[in-house]
Amino acid sequence: MAAKTIPDTPEIRERWGAFAWTPDNAAKAKEVLGRYPEGRQQSCTIPFLDLAQRQVGAETQTQGWLPVPVIEFVARELGLPYVRVLEVATFYTMFNLQPVGRYHVQVCGTTPCWLRGSDEVFRACKSKGMKKGHTTEDGLWTLTEVECMGNCATAPMVQINDDNYEDLTYDRTVAVLDALAEGKQPKTGTQEPGRKTSEPVGGPTTLTAMVDENHDYRDEWEKAV
């Protein structure tokens, strides 16, 4: 895997050098810090980076990213060497080290999704002007190919910002992208009609009494034994 790079230019430092929590995020940071014993503030690195990325996103109307001055700010907040925070930011793919668009489209290209049609998902993205590893000129989309995100039973899938869209085809992907471009919130999760989560297409074949309500099978199992 190629090493992540992070830009550090005078322009970036001018824009983000004075980064500080908003009042709301300062309260959230204080609450997160309070979850851990004194002296264990390093445990807050991931939630602090996530909070900072979301604040950058709110300020730029994008999914957000982590400029170097923002990472330095998080390090100061936690009383940690910069490198300790940087190594976390560069390890986890949830953190963006380059500017991204309003919608970060992360398409799973691992074997189950590929076998189920992820190439058609990429084709739909291409039809909207997207290119892997790039942000569209209008700043609306950034397209990234990622590894397994744990939705193999409802492959192929894509994560867009915080939401997953599953059981995709070319047309279903286009419909999701069109809705987002129009400022709408498309249905998240599976896009298969009649499917609620990851149960078999056509409906459950086991534990059918639990489809609509909780059901205790223990008496039936004991009688069967």
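This passage walks through the domains, pockets, one helix pair and two backbone details of a predicted model.

Start with the overall layout. The domain assignment splits the protein into domain 1, covering 10-91, and domain 2, covering 103-190. Between the C-alpha centres of these two domains there is a separation of 28 Å.

Both domains turn up again in the pocket analysis. The largest pocket comes out at a volume of about 1,200 Å³. Its lining counts 45 residues, and those closest to the pocket centre are Thr 93, Asn 96, His 104, Gln 106 and Thr 144. Domain 1 and domain 2 each put at least three residues into this lining. As for secondary structure, at least two lining residues apiece come from helix H3 (45-60) and from the strands S1 (103-108), S2 (141-146), S3 (158-160) and S4 (163-166). Chemically, the lining of the largest pocket is a mix: 19 residues are polar, 16 are nonpolar and ten are charged.

Next in line is the second largest pocket, with a volume of about 190 Å³. Here 14 residues make up the lining, and the ones nearest the centre are Gly 194, Lys 196, Glu 199, Gly 203 and Pro 204. By residue class, the lining of the second largest pocket holds six nonpolar, four polar and four charged residues.

On to helix packing. A packed pair of helices is described by two numbers, the angle between the axes and the distance between them. For helix H7 (residues 118-127) and helix H8 (residues 170-181), the angle is about 40 degrees and the axes sit 8 Å apart. An angle under 35 degrees would count as roughly parallel, and roughly perpendicular runs from 65 to 115, so H7 and H8 are oblique to each other. The crossing of H7 past H8 is right-handed.

Two spots in the backbone also deserve a mention, each of them in a loop between strands. One is the peptide bond running from Ala 155 to Pro 156, which is cis, its omega being near -5 degrees. Pro 156 belongs to the loop that links S2 and S3. The other is Asn 161, a residue that is not a glycine yet has a positive phi, about 55 degrees. Asn 161 is found in the loop between S3 and S4. The strands on either side of these loops, S2, S3 and S4, are among the elements that supply at least two residues each to the lining of the largest pocket.

How values were computed. Residues are numbered from 1 along each chain as its sequence is written. This is a predicted model: local features need pLDDT of at least 70, side-chain atom pairs count only at pLDDT 80 or more; totals for chains, interfaces and linings use all residues. Side-chain values use heavy atoms; hydrogens and water are left out. On a 1 Å grid over the protein atoms alone, a cavity is a set of points where a 1.4 Å probe fits but cannot get out, and a pocket is an open set with protein on both sides within 12 Å along at least five of seven lines; lining residues have an atom within 4 Å of a point. Grid points are joined across faces, edges and corners, and a volume is the space filled by probe spheres set on the points. Helices (H or I, at least four residues) and strands (E, at least two) are DSSP runs, numbered from the N terminus. Ala, Val, Leu, Ile, Met, Phe, Trp, Tyr, Cys and Pro count as nonpolar, Asp, Glu, Lys and Arg as charged, and the others, Gly among them, as polar. Domain bounds come from an automatic or database domain assignment. Axes are lines fitted to C-alpha atoms, for helices over the stretch in contact, and angles run from 0 to 180 degrees between N-to-C directions. Angles under 35 degrees count as roughly parallel, over 145 as roughly antiparallel, 65 to 115 as roughly perpendicular and the rest as oblique. A crossing is left-handed if the near helix is turned anticlockwise from the far one by less than a right angle, and right-handed if clockwise.
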